[in-house]
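Colleague: I've got some questions about the labels you put on this one. Can you take me through the reasoning?

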Amino acid sequence: RQKLKDAGNAFTRVDVRDPIVEADPSAPPGRSLQSHLTQVLSLIVQERPAEAFTALEAVSKYVKHSSFQAETGPDLPQLIVENPRLAKLLQTYLSNMSTMIAPPGPADGPELSDFTVEARMLSWAGVGLGVQTQVMAASLRRLALQTMGLKRLRFWGKILGTEADYYIAEGQFPGEAPWDTTASYPDLAEPRGVGINMCSYWVCNTPFDAWVPLPDVTAAQIVQARGVVRLFTGNLSAPVDVHPPFDGTEANFLRAQIARIAAATTIVPNGTIAVDDDAGGKKFKIPDEPFEAKYAQEMIVVEENWIHRLPYLMQHGGSRYTVSGEDPDEEKEPTAAAAKAKLDEAGVENDVPLARGASDDKPIPKPGAKAEDEEGGTPAWSARLVGDPGQYGEGAACYAVAALRCARWPGAVTVYQNMPGPLPTKTAAAWTSCYVGYGLKDGAPVINPIEPGLVMVEPKELPLHPEPNPPE
């Protein structure tokens with residue numbers, strides 16, 4: 001007690017120039033006991049707390065914390081060497097992103113399907129792009145605005161490859177190109193907008209890449225593609241080394257497979273399109289009466305509800321024999337008629353109507369059965385209802401989804417769903433077809449050839465002996 005009393009009495013006689021006051025070794029750099037006490041007393045005088053003596057410790061602690069300065073790390077800055085390849089990829093990514101998010105062009109662009117709505121319906125069927133849905137929707141929008149003269153565009157599907165995948169967009173241009181009157185069967189090249197080239201296709205490896213148009217396909221390439229089984233690599237310029245040989249690169253082979261898949265799996269509700277009799281039954285048209293949307297519960301019945309949107313591919317790879325949708329040329333008609341008559345004699349199916357129902361597709365025969373043996377085979381289409389089938393109110397929409405899958409091309413799916421119409425008592429509908437797979441047909445030949453047997457050992461040579469009965 002006496003020491004504390006003496007220290008209190010000696011406070012007035014402390015020399016502020018004492019080394020412990022000016023330069024305390026325990027104080028942080030740039031600080032001292034004198035500067036700390038000065039700041040504490042100055043803060044108390046400025047704030048004037050009600051109980052200054054009690055607040056002294058709290059103010060001192062606050063001053064210490066507010067004036068704390070952390071020491072710099074001992075590590076020296078390291079020079080980061082930039083990777084030229086990664087820097088180039090980053091610049092490409094930023095350039096593609098700026099292109100996709102740029103303001104759209106004029107409002108009179110092509111008819112673009114709402115991919116976000118289609119992706120939501122496809123997710124009910126177990127098909128989708130996940131987090132890349134919005135990026136793909138933006139990429140399709142930019143493709144639609146950058147392609148001159150395009151009439152409509154939609155997402156067709158995705159074909160998986162060994163090195164990279166193909167994202168595929170399907171578009172259609174208005175009108176038809178003129179027929180090549182010099183073409184002859186079976187190398188009949190159908191022009192753009194007709195038959196096997198009714199639609200045009202673009203591909204890319206990722207949604208951030210630029211879209212690359214695929215070349216038109218010929219009937220001969222489709223015939224060649226039917227005879228080979230090959231996985232895609234993801235490189236359009238890769239050679240197609242198969243047997244029998246294929247005429248073209250992987251871009252041509254991809255286009256031929258897309259034509260085969262699209263002709264067999266692209267279906268639409270019956271009543272949305274009709275055959276144009278004025279064009280000789282060779283084209284589709286929009287019917288005069290609007291399509292009456294049905295509930296998804298009714299659309300799972302394949303019979304009488306679904307028809308193919310693209311023409312049937314015949315044995316020669318094309319969709320028809322005549323060289324024109326109108327009256328054929330007199331000099332060209334005998335060639336087409338002779339080709340058709342030759343197939344008729346051989347019993348080959350060559351006269352398929354344009355509007356053919358999905359239920360008319362041949363079932364897949366049992367393993368080991370003949371191709372013409374349809375009894376007990378797997379139906380070409382299977383349908384099921386997913387989602388909530390309830391109808392909330394008279395005339396209200398039903399939000400269930402009808403999902404149809406094609407067994408002949410595994411990975412092909414078509415979805416249908418009701419949407420609220422413009423009036424409370426009316427309903428609309430949305431549907432789309434999509435393919436996600438390896439581009440292989442069910443029942444195709446085995447992709448791996450059978451390993452040949454081991455080479456046999458050469459037999460031992462028998463010793464030579466003189467002829468026991470030499471000729472005289």
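Colleague: Which residues make up the aromatic cluster with Phe 232?

Modeller: Tyr 166, Phe 246 and Phe 253 join Phe 232 in one aromatic cluster. Keep in mind that this is a predicted model. The search of the whole structure turned up ten aromatic pairs. Phe 232 and Phe 253 form one of them.

Colleague: What makes Phe 232 and Phe 253 a pair, and what kind of pair is it?

Modeller: Their ring centres are 5.3 Å apart, and the cut-off for pairing is within 6.5 Å. The planes are at 40 degrees. Stacked needs under 30 degrees and edge-to-face needs over 60, so with 40 degrees the pair goes down as tilted.

Colleague: Why do you say that Phe 232 and Phe 253 tie parts of the chain together?

Modeller: Phe 232 is in the loop between helix 8 (219–226) and helix 9 (250–265), while Phe 253 is in helix 9 itself, so the pair joins parts that are 21 residues apart in sequence.

Colleague: Are Phe 232 and Phe 253 buried or exposed, and how do you know?

Modeller: Buried means under 20% relative accessible area. Phe 232 has 0%, so Phe 232 counts as buried. Phe 253 also comes out at 0%, so Phe 253 is buried too.

Colleague: What sort of pair do Trp 306 and Tyr 416 form, and why?

Modeller: Their centres are 6.1 Å apart and their planes stand at 90 degrees, so the pair is edge-to-face. The angle has to be over 60 degrees for that name. Trp 306 is in strand 9 (residues 306–308) and Tyr 416 in strand 12 (residues 412–420), so this pair ties together parts 110 residues apart in sequence. With the buried cut-off at under 20%, Trp 306 is buried at 1% and Tyr 416 is buried at 0%.

Colleague: On to charges. What makes Glu 111 and Arg 152 a salt bridge?

Modeller: The closest N and O atoms are 3.9 Å apart, and the limit is within 4 Å, so the pair qualifies. The structure has five salt bridges in the whole search. This one links distant parts of the chain, with Glu 111 in strand 1 (residues 111–112) and Arg 152 in strand 2 (residues 152–159), 41 residues apart.

Colleague: Why do Glu 111 and Arg 152 get different exposure labels?

Modeller: Exposed means over 50%, and partly exposed covers the range between that and the 20% mark. Glu 111 has 52% relative accessibility, so Glu 111 is exposed. Arg 152 has 30%, so Arg 152 is partly exposed.

Colleague: How do you know that Arg 154 and Glu 170 form a salt bridge?

Modeller: Their closest N and O atoms are 2.9 Å apart, which is within the 4 Å limit. Arg 154 is in strand 2 and Glu 170 in strand 3 (residues 166–172), so the bridge connects parts 16 residues apart in sequence. Both Arg 154 and Glu 170 are buried. Together with Arg 309, they are linked in a network of salt bridges.

Colleague: What about Glu 250 and Arg 230?

Modeller: That is a salt bridge as well, with the closest N and O atoms 2.9 Å apart. Glu 250 lies in helix 9 and Arg 230 in the loop between helix 8 and helix 9, so the bridge ties together parts 20 residues apart in sequence. Glu 250 is buried at 0%. Arg 230 has 12%, which is under 20%, so Arg 230 is buried as well.

Colleague: Next, helix 3. Why do you say its buried residues line one face?

Modeller: The buried residues are His 36, Val 40 and Ile 44. Looking down the axis of helix 3, they fall within an arc of 65 degrees, so they line one face. Leu 41, Val 45 and Gln 46 are exposed on the other side.

Colleague: How do you know that the length of helix 3 agrees with what is expected?

Modeller: Helix 3 (residues 33–47) has 15 residues, which should span 21 Å at 1.5 Å a residue, and its end C-alpha atoms are 21 Å apart.

Colleague: Last one: why is Ile 286 called exposed?

Modeller: Ile 286 has 64% relative accessibility, and exposed means over 50%, so the label fits. Ile 286 sits in the loop between strand 8 (284–285) and helix 10 (296–299).

Notes
Residues are numbered from 1 along each chain as its sequence is written. This is a predicted model: local features need pLDDT of at least 70, side-chain atom pairs count only at pLDDT 80 or more; totals for chains, interfaces and linings use all residues. Side-chain values use heavy atoms; hydrogens and water are left out. Helices (H or I, at least four residues) and strands (E, at least two) are DSSP runs, numbered from the N terminus. Buried means under 20% relative accessible area, exposed over 50%, partly exposed in between (1.4 Å probe, protein chains only). Rings of Phe, Tyr and Trp (its six-membered ring) pair if their centres lie within 6.5 Å; planes under 30 degrees apart count as stacked, over 60 as edge-to-face and the rest as tilted. The expected span of a helix is 1.5 Å times one less than its number of residues. The arc is that of the directions from the helix axis to the C-beta atoms. A salt bridge is a side-chain nitrogen of Lys or Arg within 4 Å of a carboxyl oxygen of Asp or Glu.
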